[in-house]
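Work through the exercises below with the sequence and the model side by side. Try each task before reading its solution.

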Amino acid sequence: MHIVVLIKQVVATTNVKLDPQTGTMIRDGVESILNPFDEYAVEEALRIKEKLGGKVTVLTMGPPQAKEIIRKAIGMGVDEGILLSDRALAGSDTWATSYTLAQALRKIGDYGLILTGKQAVDGDTAQVGPEIAACLDLPMIAWVRKIEEVSPEKIRAERLMEDGYDVLESPLPALLSVVKEINEPRLESLKGKMRAKKYEPQTWTVADLPGFDLAQVGLKGSPTRVVKTFTPQRQYHSEMIGGSPKEAASALYKKVVDLNIIH
Amino acid sequence: MSVENSQDVWIYAEQRDGHLHSVALELLGAGRKLADDLGQKLVAVLLGHNLKPLTKELIAHGADKVFYLDSPAFAKFADEPYAQALTDLARAHKPAIILGGATAVGRSFIPRVAANLQTGMTADCTALAIDPEKKVLLGTRPAYGGNIMATIVCAEKRPQMATVRHKVMKALERNEARQGEVIEQQMAEKDLTWRAKVINTVKEVEETCNLAEADIIVTGGRGIGSKENFQLVRDLAAAIGGAVGASRAVVDAGWVPYSHQVGQTGKTVCPKIYFALGVSGAIQHLAGMQSSDIIIAVNSNPDAEIFKVATYGIVGDVNEVVPELIQHFRNRG
Amino acid sequence: MNYFLTEEQKMIVDTARELAQEKIKPVREKYDEEGHFPWDIVKEMAAADLMGLYIPEQYKGMGRGIFELCLAVEELSKVCGGISLAMAATALGTFPILLFGNEEQKAKYLPDIATGKKLAAFGLTEANAGSDAGNMTTTAVKDGDHYVINGTKQWITNGGEAETYTVIAMTNKAKGPRGATAFIVEKGTPGFTFGKKENKMGIRASATRELVFTNCRVPAKNVLAKEGMGFIVAVNTLNTSRPGVASQALGIAAGALEEAVQYARQRVQFGQPIASIQAVQHMLANMATEVEAARALLYATARSIDAGEKSFAKISAMSKLFASEVAMRVTTDAVQVMGGYGYMKEYPVEKMMRDAKITQIYEGTSQIQRNEIALQLIKEAAKKQ
């Protein structure tokens with residue numbers, strides 16, 4: 001079976017800051033990594049391949065530097081990587097990204113299973129998986145915490161819900177998004193790292209995607225637009241509440257109620 | 001869909017096992033305000049099987065109109081039939097806005113609907129508003145683990161879609177006097193595409209506290225004094241609806257199990273309110289909780305490190321202050 | 001200091017560091033406390049291709065040398081000198097085969113060790129034959145195409161967990177040092193059992209057991225080199241493996257230094273971080289200097305062995321002696337810098353101090369290393385005359 005894992009390059013920390021003048025994110029000196037949730041997807045793909053045989057390909061959309069995360073996946077043991085990179089894609093929102101990745105998956109064509117992390121830790125949207133499933137008209141199982149059974153024809157998986165889990169069965173091909181409970185990702189092996197160092201992923205531009213509609217992507221083609229970014233205000237000063245235990249407790253209670261968190 | 005001929009604010013009224021999810025009522029609360037600002041109707045969409053009585057609840061909580069689609073295919077949540085039904089309904093009636101809960105269900109299928117409709121969506125909003133001039137939806141959401149907030153609009157495509165975090169919006173008071181219209185439609189299974197199917201549902205009620213997820217955590221430290229006194233921590237947690245945490249000293253002393261431990265060698269938590277009762281605030285403990293939104297410390301030692309990170313602090317004996325707090329929270333007054 | 005590692009050596013260091021940080025660090029305290037053998041970590045080491053660094057590629061290893069083994073052991077030991085020992089002790093048990101095995105023996109045993117499917121162990125020490133290895137009483141008597149081994153080996157690292165053992169036994173007591181022979185003994189051979197697991201001060205994640213031989217019949221084809229060459233096998237094995245112990249000691253010292261420096265930057269006393277107090281600064285400066293000196297000596301030794309130097313007994317003993325003494329001093333000082341916190345199990349330095357101690361004892365005590373160094377010195381001086 002050909003398993004395609006959708007991966008994304010993200011900044012290594014969520015502790016990012018905005019430039020107070022421009023309102024854009026300060027990226028200087030911030031290290032980029034493979035989105036941690038996607039690592040679980042890569043690991044799961046490798047485990048399925050160990051069972052069923054076949055091939056694992058990772059696909060990412062991003063700037064040329066995103067090759068680094070493809071190399072990381074190669075180090076873990078995936079067979080091939082494809083980078084989708086084009087200036088026309090800059091500024092794409094989730095819909096535009098989903099459309100583009102769906103077109104790339106159409107070009108790959110022979111996938112039996114598409115895996116992805118539940119969300120990227122930068123945007124945290126979790127939208128791209130379901131939107132690609134819609135674009136390709138594929139069945140989807142989100143928040144997969146365990147794959148109980150998989151064959152080239154069908155899959156049975158546990159979907160993590162707030163109050164437990166659902167067991168779903170689906171024919172393949174299908175798209176699954178995985179949560180961190182599913183496995184513990186392997187490290188890159190030494191042999192993997194050696195292969196990765198020399199590995200040059202295939203690089204596609206939108207011109208490589210048949211029938212690609214440029215009007216759907218980039219800043220122009222994206223239905224949504226960020227109109228404002230800001231840093232949430234954090235309270236750092238401490239306020240001491242004095243008085244007798246009774247008075248202090250009463251004053252504190254009022255303050256807590258005013259926070260509007262407790263209903 | 002075009003901007004001109006779309007109108008009304010829709011909310012997806014999530015149900016699980018035939019019970020309305022509280023996020024559905026919260027969405028009605030938030031949606032009511034948006035609909036009023038636009039001068040349009042608030043519409044709830046309920047998908048389920050044999051759930052007619054719930055339509056009344058939706059109206060009592062603010063809906064002007066309820067689309068109730070009944071099908072055996074809706075009994076258990078599955079992306080495809082849910083997305084298909086909501087997509088078709090939206091195509092037919094052209095809402096201006098569709099909101100869903102940012103829950104396991106909403107985050108799974110609402111984006112699928114957005115893609116079907118080739119429109120934009122903003123996930124996990126914590127604030128919603130209508131731009132008074134342009135009359136578009138302003139969805140504000142956290143990114144980068146909450147370190148950055150972004151306000152997003154979908155200016156030219158309709159519907160404008162968003163999912164909204166649970167427990168952020170306020171539901172309206174239930175009012176049976178509210179009037180509304182219910183439009184019911186039966187759908188046959190065969191009319192719905194349906195490949196990934198739920199074959200089993202398993203409930204896992206956590207015996208242990210789910211510290212990592214809790215919005216409110218009440219933690220006791222060595223200053224509580226004894227295993228018996230630790231009951232005060234549990235009582236306050238129960239009164240306030242929070243989870244019970246513990247410092248390492250308390251866990252090591254055997255007062256509570258390890259699963260409650262907060263700190264470097266325990267769990268890292270980020271609740272909205274963190275009560276540190278009799279917790280001195282060792283570096284290892286602070287590492288596990290200092291990013292909490294509001295930190296409330298009670299400690300008899302005025303020099304305790306915990307006060308340096310506290311939003312509110314009380315210097316005093318926890319065994320005197322906490323019983324008073326419990327009374328207030330139990331009585332909500 | 002920049003040791004100008006090759007790209008590949010840097011990859012080995014990175015791989016070992018990631019494994020140590022992500023897989024070992026979260027569990028080292030648990031393993032130290034419970035004293036279980038870290039099989040799950042051994043599997044990770046195998047999956048990362050670290051178990052066969054020093055084994056030739058034709059036997060499924062990575063085809064590198066002692067230096068690469070040392071780099072990996074050092075990185076792992078920075079986090080846990082007990083867990084890293086599963087790898088280092090396997091190397092010790094493998095060297096007799098690597099150095100003296102015939103083609104058939106190598107082909108049979110090395111691939112499983114290189115791929116981490118099996119661990120190895122080396123059986124030399126006995127209750128009354130520690131530093132005085134010549135006093136051993138385990139015997140091997142030839143009987144047709146087998147040898148019958150009787151006796152007990154003591155404090156064998158990886159004992160009970162390893163599958164492949166290289167064991168030294170007396171085949172002819174009358175011949176003295178020329179009467180010992182080295183054997184490969186497989187776990188599961190009838191008559192080969194294990195004694196109780198020792199309860200140790202440090203390196204508690206490592207398994208230490210007795211190897212008990214009761215009329216254990218081992219095929220004659222499992223003899224390494226030739227009958228009578230047992231001590232030559234043992235001496236060469238130890239000379240080759242001592243850099244491994246040195247790298248374990250170095251790693252423990254470097255790990256403790258790092259903890260102490262981090263702590264000193266954060267810990268505030270008298271209104272300032274203790275790192276700005278000169279008494280503390282001087283301790284840290286000494287620790288860092290000693291660690292770097294131990295590293296320089298070890299790296300030079302390991303590179304020299306890999307480059308083909310034949311007489312490395314002295315430098316090998318020196319690097320082991322120096323690194324283990326440094327490990328003991330540096331870990332003790334790390335505890336001192338961290339004061340009461342350093343003494344608590346909440347921080348890893350008290351464990352590092354306990355782990356460091358063994359490096360001054362096993363594979364030749366510090367005193368035996370000095371004997372060896374002095375012996376080589378005198379030999380060299382005699383040659384010059």
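The exercises go from one chain to a residue, a helix pair, a sheet and the chain contacts.

The model is predicted, and local features need pLDDT of at least 70, side-chain atom pairs count only at pLDDT 80 or more, while totals for chains, interfaces and linings use all residues. Residues are numbered from 1 along each chain as its sequence is written, and chains are lettered from A and ligands numbered from 1 in the order in which they are written.

**Exercise 1. Describe chain A by its elements, its extent and its buried share.**

Step 1. Chain A has seven helices and 13 strands; helices (H or I, at least four residues) and strands (E, at least two) are DSSP runs, numbered from the N terminus.
Step 2. The C-alpha trace of chain A spans about 70 × 45 × 40 Å along its principal axes.
Step 3. Of the 263 residues in chain A, 51% are buried. A residue is buried if 20 or more other C-beta atoms lie within 10 Å of its own, exposed if 12 or fewer, and partly exposed in between, with C-beta atoms placed from the backbone.

**Exercise 2. Decide whether Ala162(B) is buried or exposed, and list its contacts.**

Step 1. Ala162(B) lies in strand S11 (residues 160–164) of chain B.
Step 2. With 30 other C-beta atoms within 10 Å, Ala162(B) is buried.
Step 3. Two residues are in contact if their C-beta atoms, placed from the backbone, lie within 7 Å. Leaving aside neighbours within four places in sequence, Ala162(B) is in contact with Leu99(B), Met121(B), Thr122(B), Cys125(B), Leu128(B), Leu137(B) and Gly139(B).
Step 4. Pro111(B) is 51 residues from Ala162(B) in sequence and 8.7 Å from Ala162(B) in space, C-alpha to C-alpha.

**Exercise 3. Find how helices H8 and H9 of chain C pack.**

Step 1. Helix H8 (residues 278–306) and helix H9 (residues 313–343) of chain C pack at an angle of about 160°, with axes 9 Å apart. Axes are lines fitted to C-alpha atoms, for helices over the stretch in contact, and angles run from 0 to 180 degrees between N-to-C directions.
Step 2. H8(C) and H9(C) are therefore roughly antiparallel to each other: angles under 35 degrees count as roughly parallel, over 145 as roughly antiparallel, 65 to 115 as roughly perpendicular and the rest as oblique.
Step 3. The residues making the contact include Met287(C) and Val291(C) of H8(C), and Phe322(C) and Val326(C) of H9(C).
Step 4. By class, this contact of H8(C) with H9(C) has 15 nonpolar, five polar and three charged residues. Ala, Val, Leu, Ile, Met, Phe, Trp, Tyr, Cys and Pro count as nonpolar, Asp, Glu, Lys and Arg as charged, and the others, Gly among them, as polar.

**Exercise 4. Which strands stand at the edges of the open sheet that S12(A) and S8(B) help form, and which pair joins the chains?**

Step 1. The strand order is S12(A)-S10(B)-S9(B)-S8(B), with antiparallel pairing; two strands pair if DSSP finds at least two bridges between them.
Step 2. Strand S12 (225–230) of chain A and strand S8 (127–130) of chain B are the edges, each with a single partner strand, so one side of each is left without a neighbour in the sheet.
Step 3. S12(A) pairs with strand S10 (residues 148–153) of chain B over five bridges, and Phe230(A) stands opposite Met149(B).

**Exercise 5. Locate the parallel pairing between chains A and B, and the side of chain C that touches chain A.**

Step 1. Strand S13 (residues 239–240) of chain A runs parallel to strand S18 (residues 312–315) of chain B, joined by two bridges, and Glu239(A) stands opposite Tyr312(B).
Step 2. The contact of chain C with chain A takes 12 residues from chain C and eight residues from chain A.
Step 3. H1(C) gives the most to the chain C side, with six residues.
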